Amino acid sequence: MFQFRTQVKALQTAILFILLISFSLRINAQEGKALFNAKCASCHAIDKQLVGPALRGVEDRWGGDKAMIHNWVHNSAAVIKSGYPRAVEVYSQFNKVQMTAFPELADKDIDAILAYVSAPPAANTTPGSAPSSAGAPADNKDDSSLLFGILTLILAVISLILLQVNSNLRKLSDDREGVHAPEPVPFYRNKAYIATGAIILFLLAGYFVFQGAQGLGRSQNYQPEQPIFYSHTVHAGVNQISCLYCHGGAQDSKHANIPSVNVCMNCHMGINEYAKGPKLYREDGSEVDGTAEIKKLYQYAGWDPTTRNYTGNGKPVEWIRIHNLPDHVYFNHSQHVKAGKQQCQTCHGEIQKMNEVYQFANLSMGWCVNCHRETKVQFADNKFYSIYEKFHEDIKNKKLDSVTVEKIGGTECQKCHY
Amino acid sequence: MEQKKYWQNFGELRNSEGYEKDLQDEFKEQLPFEADDKGLLEARTPRRDFLKYVGFSTAAAAVAAGCEIPVKKSIPYLNKPENIIPGVPNYFATTYVQDGNVVPVVAKVRDGRPIKLEGNELSSITLGGTSARVQAAVLGIYDTARSRYPIANGKEVTTFEAFDKMVVEAMKGAGGVTVLLTSTITSPTSKMVIAQFLAKNPGSRHVQYDAISASGLLQANEAGYGKRAIPSYHFDNAKVIVSLGADFLGTWLNTIEYSRQYAAGRKINQLNPEMSKHIQFESMLSLTGANADERFVHRPSEAGAVALGLYARLGGSVTAPAVADERLKKGLDLAASQLKAANGAALVVSGSNDARVQTIVNAINEIIGANGKTINWATTLNTRQGNDKEMVQLVQDMNDGKVGALLIHGVNPAYDYFDSKKFTEGLKKVKVSISFNDREDETSENCKFSLPDHHFLESWGDAEMKSGAISFLQPTIAPIFKTRAFQTSLMHWSGDTSEYGDFFKNYWITKLGGQEAWDKALQDGVVENLAAPAAAPFNNSGVAEAAAQLSSAKKGGKTELVIYEKVSMGSGKDANNPWLQELPDPITKATWDNYVIISYAKAKDLGIVVDDNYEVETSKPTVTLKSGGKEFVLPILVIPGMHPDVVALALGYGRSEKTGKAAAGVGQNAFPLVSFNGASFEYAATDVSVEKTGKTYKVAYTQTHNQYEGRKEVVREYDLEDFRKTPKILKAERDELVEDFAKQTGDYRVEGTLYPDYPYPGAKWGMSIDLNTCTGCGACSIACTAENNVAVVGKSEVLRAHEMHWLRIDRYFATYRDNSGNDDLDNLNVLFMPVMCQHCDNAPCENVCPVNATSHSSEGLNQMTYNRCIGTRYCANNCPFKVRRFNWADYMGADSFPDNQNGKLDASVMQMNDDLTRMVLNPDVTVRSRGVIEKCSFCVQRLQDGKLKAKKENRPLDTGAEGKWDIKTACQQACPTNAIVFGNVNDKKSPVSKIRNEEQTNRVFYALEQLHVLPSVNYLAKIRNTDRHVGVSEEGHGAAEGEKKAETLPSAKQPVEAEVK
């Protein structure tokens, strides 16, 4: 796994540093960058055509007529109506789609943006080298069971030796005292040893069979290869897109819902290449071409990036379902996300660090129930719980400090099985 | 002195040996061990077989477990529609339309498929009530027998354009007149389309035909009030209701509205107990008759005499023919005096399809001043417009070769026309016959063209149930099959190439004054603009003639026949709906059949022995029923409360093979027994012969299943007078329990048991069922089936008492027994009691489960955990209410091994397992597999959903206080009379706590309260507005009861023995 976050931070610092040096004289541009990102970036890039044209050299194209650019930004429709040639040209060039009006931008703000977009390109925008350690980071989990195991083994060997010594000594002493002892049985034919061994083996086998049987149908760590290499690291991690932007169902429905392709296209109509983010690797170590994956999305969406039109030949993406609950379990995302105010990561793990999603929790009933036993409900904040008069009284009288899910019936059968 | 007894079957009435033996067995059949008398150890299934089974199951389990977990795909939308969130249901207001009946509903659509219908509460007519048939209609859209594409001359036509071309061409060369034959059309826009079509085809006409007709009523009203219409009845304004054979709670006209109104007059305010008085005159025991306070039986041939008798007693200037029967005479006297005393707040209705009887009834309503008070002529009902005479004329024209083209929509005369043979012959002479019916039914089969219409849940449209009350249809799903709106077809064939949906929308946008008004109307589903109630002037010129004709009507023969409509089946359109087929009839409790209902006396007369085993055995004697040259061999069911000389047979059965797996071969078609009297169809025959055949036939009926093992009293009933005089009559009885078991604390709940009393810190669910307003219609039962994925088991399994209904409606007969031990079977009351899991706080089932699969929740639910259940059935054994159901087979296809179903289940069950039909399943409820127990969960999925909704909105839960409901159980929501109330009993403001603690303290009781199982369901005692003494207060409790039993038993048995010999 990669330490993306540190890399991204390093990258950001690097860029900032370069920018500082390059444009230290033009503080304007800093302001311009912020404004550009806030207002323009969803449709424009500096060097590339997105929904709107690339903005580098915009002043030249408009003949240096800053006032007219100001007007355009404030209200493009009026400028088009006035028949200003460049305005009409741009308008017809982009399928007669009007640019959003930004009346709130002051002239100097627009100047700042223009300054930013006309600045020379940054030296190097490619990310740093691939992480040196492609393998898993060292397992620094405090695993004392191994230590205990070794200790047990040593003790067992010592006790065996001691037993052997003891029996030898007894044999010697018996011999000396003339007591006729039967020929010693080798330990592998000693019935006591065999019996003990058999019992231990039986217990071990039973333990593993039981564990195995319990795990039937469970699929923790299941990590299938998906039709598109969709990286949560890039979306939820690097770009900090809220989980609910795509999985909106999580706050309204029992299903979190995989987003439909049109949700992807909200952003990817503009973002048509993967260039700036960290390098991506599959589990097998091969590198992922992000831009090619975006192309796959376009194929599914039926989007032609050159004409910027939908062809109408889209088909939905057949994602492979990772989290499966048996039919007899009712689970509702909105109950946990909206009413229970749980983080997605509680059950799905650090999803913002997963390139390929895997099943984090084992989704067993024990796992559910344990959480219900420990988690506290929004008892004071949610007016729904006002009917639990007794608990409120107990809290007031300090008999109770909090109310867990279990306390309000969260471990009863028909909370999930009906 | 007379004693009253409540009983469910003849065995119970007589405490017969067969009945006693039957009670001993929790499950009706032996377990499939081949154990002979030597005991299990020496049974013929030896140890080796057992080991084989064990080995096989272990191996099978290992193989099943060894399989890899299959890769599942998750496929999101390509472009998600904005208003759909997968997993969250959408609700669309639409309208149930069938056979002219109109019910505004709201369809629950989950992930694109309608899975449940609820009544639309915005309709002021139904107020959100539904019926069993409406509840079951959602299954109809997934019917596997629906036609899947247009057919011309037996071959599929691939495009509608090609079909249109063929039809237009054929119609050009058809010659003769063009006739459009439909059921009652209530849709204003459809009528416009039809008018357009008729205008384009000169000489064409539109005939409306109702399989179960109200033509006589319409005709009488046309003569009397100048309007061929049905007025609005106001049963809620009537203090006295007299029904002459009208089953207005079950099948007659607008039953949901009438039930709601009727219940309004039956709700008891315990401080001032008052209720309407309902007197029923009828020939057979109908659902409405079962609810009546006083009930009198007569022959069908006496229907005119009864109407005239009542009219004469009220001062009508007619001489009524004499009525021989003393009891009937007294009944007429009673009805007349009550009607007079009511001073206008009275209503007389008749279910007759004879215009002459209806004319007399109109005259009666004039005399008692009902017109304008309980009868409203300003708003008329549109759901029956069929004209029997026109239909008969059409069939004649067809046979005469006058009809060139016949377009058939929504009717099936080849099955339900009284002379269907003549219709079919005529149909063959019609050059161009086109059917819009939904399946290859008896009529479509014989048509040259078939272009199936959409199901109503796939359609745009409107329906005007009553003048001024419009409700809209909107599609809840894209058409599943290649079907087309029949209005669109008519438009295309009259040269208009637009679509009906657009035409309909444009019409209403214009009419309602804009898009916004239209959007709101469509969202609400109803637009109402009802006129203020008003009377209409009555013209009594026809009365004398009608009276004269009725007086001279010929006498009936030895035996007479009533042809009736079943609550569940209606005219037979729903015959392929397994939910309805398996719904026990409210009165007979029989499923999957029609049969001849006869009285006890008639059975005796025919030499049929109603002995010890009569109701324990499922095999029923069959009889030959002959009428007008037609002969049927049918099983009988003996039902008390029938007129001794009357037999009854239900319509809607005996459908053809192609109508579907569930419909085919079930029962026999009774429509051929209907006759035409020159003006309207008659649903009775006055001279039939019935003879015993000596053979038997198995009828799957449930009245001997799930019995209380002789525990008393489960139901409580009092007459109004008693209840007025001693309001604490029931309370006192309940207080005796405190006296006996809780002397120290006075708290029966805590002191009456060794177990601790558990606290319910949050919500505590409870239900209250008012036996006074429950009519027994069965809507709740089907609603429960639809909501909770309750399995259909098929006739063969019902015969083995394996039905799965979570909510059953127990039907009790209450009869009097005189001192010599004779039971008066004609003079009876009927009680209905819906029984579901009572969610006992001290539940006997929970203690006996070896694996803790049934446990108690902190909200008072008795929880059933299917995945834990190992199927010992101890819980079912220990349940005093017998509400637990065991999955004897893999009814729902939930097992991993498909072979568990093949060849073992009825075709109808397999129909429910079709991929198409399974789309109706509620995804929030587990589909149960073989070998587990299930039962009512108080709709726990709705409870969880309602609670979550409140949590998400950061507010307390609303359980009915101030009319705000987060949660309604399916049965509660379906009930047209609001007899079922559910809520949080810890919330002092919820209706259910108010009923228990404030409003109905004198009527509240719990079933089998003496067992101290502490049910969460309470009932409100039935109050009957009658002068006869009602209730069982004479029977003592405990020891005293035992003594009395000993006294009455021997004498009670005598008549039975006499019959056996």
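Which residue in S14(B) is the bridge partner of Val242(B)? See View 1 for that one.

A word on the model: this is a predicted one, where local features need pLDDT of at least 70, side-chain atom pairs count only at pLDDT 80 or more, and totals for chains, interfaces and linings use all residues. Residues are numbered from 1 along each chain as its sequence is written, while chains are lettered from A and ligands numbered from 1 in the order in which they are written.

**View 1. Strand S14 of chain B and its parallel partner, S11(B).**
The partner of Val242(B) is Val348(B). Five bridges hook S11(B), residues 240-244, to S14(B); strands and helices here are DSSP runs numbered from the N terminus, strands (E) of at least two residues and helices (H or I) of at least four, and two strands pair if DSSP finds at least two bridges between them. S14(B) covers residues 346-350, and five of its five residues are buried, meaning 20 or more other C-beta atoms, placed from the backbone, lie within 10 Å of a residue's own (exposed is 12 or fewer, partly exposed in between). In a regular strand, side chains alternate between the two faces of the sheet. Here both faces are covered: Ala346(B), Val348(B) and Ser350(B) sit on one side, with Leu347(B) and Val349(B) on the other.

**View 2. Where chain A meets chain B.**
Chain A puts 45 residues into the contact and chain B 43, counting residues whose C-beta atoms, placed from the backbone, lie within 7 Å. On the chain A side, H15(A) gives the most, with four residues. Two bridges also join S5(A) to S2(B), residues 73-74, and this pair runs antiparallel. Look for Trp319(A) opposite Ser74(B).

**View 3. A closed six-stranded barrel in chain B.**
Follow the strands in the order S22-S27-S24-S26-S25-S30; the pairing is mixed. S24(B), residues 596-598, and S27(B), residues 646-650, run antiparallel and share two bridges. Across that pair, Val596(B) stands opposite Leu649(B).

**View 4. Ile360(B) in the largest nonpolar core.**
This core has 304 residues, and Ile360(B) and Ile563(B) have the most contacts inside it. A nonpolar core is a set of buried Ala, Val, Leu, Ile, Met, Phe, Trp, Tyr and Cys residues joined through C-beta atoms within 7 Å. Leaving aside neighbours within four places in sequence, Ile360(B) touches Ala307(B), Leu308(B), Tyr311(B), Val543(B), Ala546(B), Ala547(B) and Leu550(B). Apart from this core lies another, of 15 residues, including Phe36(A) and Trp72(A).

Notes. Two residues are in contact if their C-beta atoms, placed from the backbone, lie within 7 Å.
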